Every structure is written in C-alpha cells, then in structure tokens.
Amino acid sequence: MTFLSEPEEILRVLKQLAAADPDDALWLAQQLIDHGCDADHQLWEPNTLPENCQTLLKQFASEFLVLAVVPENRLGTRQIIKLDYHLRVDTTTHSILDQFAMALGYRELIFDIPMLTPYAAQSYHLEFHTPTTLSCVTLAIPDGDIFNGSSIDFSQDPIAHVHAAYVEAGPQVGEAHVRVPLAGPWFSMALTTLLGLVVSVLAFALPGSVEMLRTNTEYSAALFFGLALAALGLLISTRENALETYLHRPLRAILLMNALLLFVQGTSYAGNLRTPEFWLIVNGILFSYGLLTVVVIAPRLPEIWARFTSSEPFVR
C-alpha cells in the first residue's frame, strides 16, 4: 500500500479514533478500510489496507487498546508489540441450563481469543489473566509453523501463558477454557447442600427425633433457622467482575434454595404440623435435597477424588 499523507496526518486520524465514541470510531475505521480516507483527507489508496491491518484498526476502534510506538533506534534485537484488551461475556448465547451446567462443573465456558498478526515474529505470546474465583483449565493456540514452543497451558495458574511462532498470516484464534474451581463459592454451596441433606435425613430418621423437634419447638426453630441464616449469609458477594458474577449466579441460586428448604422444614416442625401435610413436606424436602446433592456433587467427583488422593490442598 502507498501512503498519500504525511505521518502527522495519519497520527491525527488515529487520535481521532481513540477519542471518538465506539459507534463513531467504528464508522471512521470502516471509512479508512473501504476508502482510505477520513472526512477531509485521503490517507492511502482505497481497498489497499492489508487484512491484518484492517483487523487491528477495527480492534483499536472498538476495544480498550493502547499502542506504544517506539523509534527503531531505541529497540534492540528484540521487538515487542503488546496488545491488552478485555473479553466480553456474551450472556445471550447461554440458556439457564447452560449457566447451571457451567457453574456446577458439567461444562466449561470457552472463549475464542483473536490473535492479531500472529506471524513474521520470532515468538508470539498470549497471556490470559483469570479472575481470582475462577480457573483457566486450558489455554491453547494453534501449533506454530517454525517454532511450536508451548502452545497449550494446563497449569491452571492465575496467569495462563502460551507461545509459538508463525510464518504466514491467517485467521488464528486462541482458546481459553474457564470454569468455577472447587474452592470459593462452589465449595460453600456444596457444603451447605450436604449439611442440609444430612440434617434433614437425621431429623427424619433418628428414633424419636420428629416428636422431639415438635415438642421442643424453640430448639427446632433455632436449629433450622440458624442453618438457613448461615446459608443466606454465604449469598453476600465480594467484589467481582462481570465474568465472576455471571458464573456464580447459579451457585447463589442453589444457596437460596437451601435456605428456603431449611426455613420450610423449620416452620413445619415449629408449627407442629400433623399428617398428611407434615409427611408430604418432609418427603418433598428429602427428595429435593437428595436430587440437589447428586446434581451438585456428581460432575466434580473425579476432581474431588483426585484431590483426596494427592498431596495438594483440597480447595485450591
């Protein structure tokens, strides 16, 4: 491509892109791509901008992106271009069942990460910073043409890192698999579910327990209402970003369900309900807790067993 304007004019247009609203910036970027000009000046010939430059220009117009231009004489033998941007969570592509499946561990949330200009360099590096209460299970990029490097990271470290080298340009895409780890909100949710199931079964199955709880209504109310309030206390969230909130929302819904089941059970004992209402409520609660426990624990059983049989801390 041939530039028809001075570098100062091109720099002026880039500053205009950075300062404009996203919609205006994208319109201006498309004008530059299609016609090679802004409103007043022709910067280069129409339809001559390379494809990788088109992608970079659109990214610059639409994302939070900072470029630092360093004179060549200030660089050594190694030249680095670093792009830092935020990935957006598209919540419209996942149903409620998908959200629960991802939060409980049945599946992972997969991000496609655009790799801008991954070619003609000695090494291309990609880093993925995972929020504190989430885990990056896998970060992968396509194998390199001349240098494969380490194109897959299974470490689950807070910062996943992969690198490779590419000779030819192409629509390269990296892939990050994110999930909710055992520690944190999932552990709190699973613990309250198991505790609610154990208390409900013992209150129903131990000899004389039902009549004792009906007779001593203040103790039964204190037991179940105290557990319910503890479950509600775990609903209080700490500071989170949008991705954490999105994946933790189903876990908080289960915590709220646990609290409601305990409240219903406590009021049933304290209210001294008689058959058949009482037994219908008890059987419904036991069935709900049993089903909920299986759904919650089942997808993580292999991981839980692996943690118990290894020397690593259980809630990493």
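These exercises work through helices, cores and ring pairs in a predicted model.

**Exercise 1. Classify two residues**

Task: Decide whether Gly 36 and Glu 303 are buried or exposed, and list what each one touches.

Solution:
- Step 1. Place Gly 36. It sits in the loop between helix 2 (22-35) and helix 3 (51-62).
- Step 2. Apply the cut-off: buried means under 20% relative accessible area. Gly 36 has 0% relative accessibility, so Gly 36 is buried.
- Step 3. List the contacts of Gly 36, leaving out residues up to four places away in sequence. They are Gln 31, His 41, Gln 42, Leu 43, Trp 44 and Pro 46.
- Step 4. Check the distance to Asn 47. Gly 36 and Asn 47 are eleven residues apart in sequence, and their C-alpha atoms are 7.0 Å apart in space.
- Step 5. Turn to Glu 303, in helix 10 (residues 301-308). Its relative accessibility is 15%, so Glu 303 counts as buried.
- Step 6. With residues up to four places away in sequence not counted, Glu 303 touches Arg 179 and Leu 182.

**Exercise 2. Describe how two helices meet**

Task: Find how the axes of helix 4 and helix 8 are oriented, and which residues make the contact.

Solution:
- Step 1. Read the geometry. The axes of helix 4 (residues 96-104) and helix 8 (residues 242-270) come within 8 Å and cross at roughly 90°.
- Step 2. Name the arrangement. Angles of 65 to 115 degrees count as roughly perpendicular. Helix 4 and helix 8 are therefore roughly perpendicular to each other.
- Step 3. Identify the residues. Helix 4 supplies Gln 99, Phe 100, Met 102, Ala 103 and Leu 104. Helix 8 supplies Tyr 246, Leu 247, Arg 249, Pro 250, Leu 251, Ala 253 and Ile 254.
- Step 4. Sort them by class. The contact has ten nonpolar, one polar and one charged residues.
- Step 5. Look at the buried residues of helix 4. These are Asp 98, Gln 99, Ala 101, Met 102, Ala 103 and Leu 104. They pack against strand 1 (109-114), helix 5 (185-205), helix 8 and helix 9 (277-297).
- Step 6. Go just past the end of helix 4. There, Gly 105 takes a positive phi of about 110°.

**Exercise 3. Explore the nonpolar cores**

Task: Find which residues touch the most other members of the largest nonpolar core, and which helix gives the most to it.

Solution:
- Step 1. The largest nonpolar core has 35 residues. Phe 111, Phe 128, Leu 139, Trp 186, Met 189, Leu 247 and Val 296 touch the most other members.
- Step 2. Helix 8 gives the most to this core, with six residues.
- Step 3. Another core lies apart from it, with 18 residues, including Leu 227, Ala 231, Val 282 and Ile 285.

**Exercise 4. Name the ring pairs**

Task: Count the aromatic pairs and state how each is arranged.

Solution:
- Step 1. The count is two aromatic pairs.
- Step 2. Take Phe 111 and Phe 128. Their ring centres are 6.1 Å apart and their planes are at 40°, so the pair is tilted.
- Step 3. Locate both rings. Phe 111 is in strand 1 and Phe 128 in strand 2 (residues 124-129), so the pair ties together parts 17 residues apart in sequence.
- Step 4. Check burial. Phe 111 is buried, at 9% relative accessible area, and Phe 128 is buried, at 8%.
- Step 5. Take Tyr 124 and Tyr 166. Their ring centres are 6.4 Å apart and their planes are at 70°, so the pair is edge-to-face.
- Step 6. Locate these rings. Tyr 124 is in strand 2, and Tyr 166 is in the loop between strand 6 (159-165) and strand 7 (173-179), 42 residues apart. Both Tyr 124 and Tyr 166 are buried.

Terms used: Residues numbered from 1 in each chain as written. Predicted model: local features only at pLDDT ≥ 70, side-chain atom pairs only at ≥ 80, totals over all residues. Heavy atoms only, no water. Helix = DSSP H or I, 4+ residues; strand = E, 2+ residues; numbered from the N terminus. Buried < 20%, exposed > 50% of the residue type's maximum accessible area, 1.4 Å probe, protein only. Contact = heavy atoms within 4.5 Å. Axes fitted to C-alpha atoms, helices over the stretch in contact; angles between N-to-C directions. Parallel < 35°, antiparallel > 145°, perpendicular 65-115°, else oblique. Nonpolar A, V, L, I, M, F, W, Y, C, P; charged D, E, K, R; others polar. Core = buried A, V, L, I, M, F, W, Y, C linked by side-chain atoms within 4.5 Å. Phe/Tyr/Trp six-rings, centres within 6.5 Å; stacked < 30°, edge-to-face > 60°.
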